[in-house]
Amino acid sequence: MMLRIDNIKKQYGDFQLQCSMEIPEGRITGFIGPNGAGKSTTIKAILNLISLDEGHIQFDSKDVTELTAKERERIGVVLSDSGFSSYFTIGDISRIMKGMYHQFHEKEFMEYCRRFQLPLNKRLKEFSTGMKAKLHLLLAISHEAKLLILDEPTVGLDVIVRDEMLDLLRDYMETEKRSILISSHISSDLEGICDDLYMIHQGNIIFHEDTDVILSRYGTLKMSEADFQRLDKRYIVKSHKEGFGYTCLTNQIQYYRENEPSIVAEKGSIDDIITLMIRGE
């Protein structure tokens, strides 16, 4: 198992994180949920940036609190802030990375920067949001990381830049024994690249499913109150009362299409799941 999160707990005032997750080798796992749900706290725990009240996190079968500096190099990270001075150039950053990481591929990194048209001699403060995002990701994949931890790596980017970054991640995963955990609010990115999804709400994991199952089997049903009362609810995951009647989340959309032709049955999306898992009953 590449990453195992075993019943971790962390209390912050009225908020408590309590969750478990597993990311096998060769998988890209999406991490979804509303703001304040616990995604960033979980990522900080994985990176050993906060201490836990209970539970354990293992990377490559070793507790993250016991990783050596060299072992930590096998984790690539993209957070909202790169940590580098805004006065640095790519050349400056490359020299720093070479001193920090034993397996930093300087030549490959510089070639990637040229390929993605990043200005080598400009300071970071002159970079656009898209340029910074591409630079952060290139740095994360430039030192033989086995696991990438990506926190909102495509936020604020246009669709072209996002596609370029997703292609980079697909290229990264072509090498065996690598994994990615990616947190994002952009559902189309997750649908296109993730193997499975975990959803967190109020500090707890409330949903986990393979992405292909979500896209093929899940859906939403819209119906009157009378239809809802008589409905066979064995495949209803969540339901929410609306002004017109009810909207339901199902994990067997085809069953209702075949057996309830009068009910509106639509293909589901990650956004539908987030909304109904939180608002539904």
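## Aromatic pairs, a six-stranded sheet and a helix contact

Seven aromatic pairs are present in the structure, which is a predicted model. A pair of aromatic rings is described by the distance of the centres and the angle of the planes. Two of these pairs are set out below.

| Aromatic pair | Centre to centre | Angle between the planes | Arrangement |
|---|---|---|---|
| Phenylalanine 104 and phenylalanine 109 | 5.5 Å | 55° | tilted |
| Phenylalanine 207 and tyrosine 218 | 5.7 Å | 85° | edge-to-face |

Phenylalanine 207 belongs to strand E10, whereas tyrosine 218 sits in the loop between helix H8 (211-217) and strand E11 (219-223), so this pair ties together parts that are eleven residues apart in sequence. Phenylalanine 207 and tyrosine 218 are both buried. In the tilted pair, phenylalanine 104 and phenylalanine 109 are likewise buried. Elsewhere, Tyr235, Tyr255 and Tyr256 are joined into a cluster by ring pairs.

### The sheet

Strand E10 also takes part in an open sheet of six strands, whose order is E6-E7-E8-E3-E9-E10 and whose pairing is mixed. The edges are occupied by strand E6 (75-78) and strand E10 (204-210); each has a single partner strand, so one side of each is left without a neighbour in the sheet. On average, and with direction ignored, neighbouring strands are turned by 15° against each other. Strands of a sheet pair through backbone hydrogen bonds, either parallel or antiparallel.

At one edge, E6 pairs with strand E7 (residues 147-151) in the parallel sense, over four bridges. Within this part of the sheet, valine 78 has leucine 150 in E7 as its bridge partner. Helix H1 (residues 39-46) packs on the sheet and touches strand E3 (28-32), E7, strand E8 (179-183) and strand E9 (196-201). The direction of H1 makes about 150° with that of E7.

Strand E9 has neighbours on both sides. With E3, the pairing is parallel and runs over four bridges; here threonine 29 stands opposite aspartate 196 in E9. With E10, the pairing is antiparallel and runs over six bridges; histidine 201 has asparagine 204 in E10 as its bridge partner. E9 and E10 form a hairpin with two residues between them. In the turn of this hairpin, glutamine 202 has a positive phi of about 50°.

How many residues of E9 are buried? Six of the six are, so the strand is largely enclosed by the rest of the structure. The side chains of E9 fall into two groups: Asp196, Tyr198 and Ile200 point one way, while Leu197, Met199 and His201 point the other way, and all are buried.

### The contact of two helices

Helix H5 (residues 129-140) packs with helix H6 (residues 159-172) at an angle of about 5°, and their axes are 10 Å apart. Because of this angle, H5 is roughly parallel to H6. Gly130, Ala133, Lys134, Leu137 and Leu138 are the residues of H5 that meet H6, where their counterparts are Val161, Glu164, Met165, Leu168 and Leu169. By character, the residues of this contact divide into seven nonpolar, one polar and two charged.

Definitions and conventions:
Residues numbered from 1 in each chain as written. Predicted model: local features only at pLDDT ≥ 70, side-chain atom pairs only at ≥ 80, totals over all residues. Heavy atoms only, no water. Axes fitted to C-alpha atoms, helices over the stretch in contact; angles between N-to-C directions. Parallel < 35°, antiparallel > 145°, perpendicular 65-115°, else oblique. Contact = heavy atoms within 4.5 Å. Nonpolar A, V, L, I, M, F, W, Y, C, P; charged D, E, K, R; others polar. Pairing = 2+ DSSP bridges. Phe/Tyr/Trp six-rings, centres within 6.5 Å; stacked < 30°, edge-to-face > 60°. Buried < 20%, exposed > 50% of the residue type's maximum accessible area, 1.4 Å probe, protein only.
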